[in-house]
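These are my notebook entries on a single protein chain. I wished to look up what lies in its interior and how two of its loop residues are placed.

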Amino acid sequence: KRKQGFSVPLREWFRSDLREMVGDYLGGANGSLPTEIFDRTEVAATLRRHYRGEADHSDVLWLLMQYAAWHDDYVRRRPDAEIRPRTSATVLARGGD
């Protein structure tokens with residue numbers, strides 16, 4: 001018998017059980033997404049459309065949640081750490097690390 005995967009019900013979870021956590025990470029003035037990169041107005045509109053059932057943005061919300069969690073762990077909690085975009089020149093100069 002062939003193995004069969006299952007889908008994770010993110011759409012429903014983000015509208016119910018995980019709604020508060022999603023709001024903490026992505027919503028409001030204290031959200032974890034940096035405003036230099038993300039437009040809070042657009043993120044809030046995406047959340048509203050998802051919560052109202054107008055659209056299924058669970059994939060986008062999942063990606064934003066992952067970024068927000070990473071940002072909390074590796075940028076906010078280490079204010080002395082400087083995160084810079086990596087360019088091919090940077091990678092080549094560092095030996096591809």
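The entries below go from the core to one helix and then to a loop.

**Entry 1: the core.** I noted at the outset that the model is predicted. I then looked up the largest nonpolar core and found that it has 12 residues in all. Its members include Leu10, Phe14, Val22, Leu33, Val43 and Tyr51. I recorded α1 (10-15), α2 (19-26), α3 (40-52) and α4 (58-76) as the elements that give two or more residues to this core. Of these, α4 gives the most, with four residues.

**Entry 2: helix α4.** I next listed the buried residues of α4, which are Ser58, Leu61, Leu64, Met65, Ala68, His71 and Asp72. They pack against α1, α2 and α3. I recalled that an α-helix has 3.6 residues a turn, so residues three or four places apart point the same way. For Met65 I looked up the contacts, leaving out residues up to four places away in sequence, and found Met21, Val22, Tyr25 and Leu26.

**Entry 3: the loop between α2 and α3.** Is Ser32 buried or exposed? Ser32 lies in this loop, and I entered it as buried because its relative accessibility is 4%, under the 20% limit. Beyond four places in sequence, Ser32 touches Asp24, Tyr25, Ala68, His71, Asp72 and Arg76.

I then turned to Asn30, which lies in the loop between α2 and α3 as well. Asn30 is exposed, because its relative accessible area is 68%, over the 50% limit. With the same sequence neighbours left out, I found that Asn30 touches Asp24, Arg40 and Arg76.

How values were computed: Residues numbered from 1 in each chain as written. Predicted model: local features only at pLDDT ≥ 70, side-chain atom pairs only at ≥ 80, totals over all residues. Heavy atoms only, no water. Core = buried A, V, L, I, M, F, W, Y, C linked by side-chain atoms within 4.5 Å. Buried < 20%, exposed > 50% of the residue type's maximum accessible area, 1.4 Å probe, protein only. Contact = heavy atoms within 4.5 Å.
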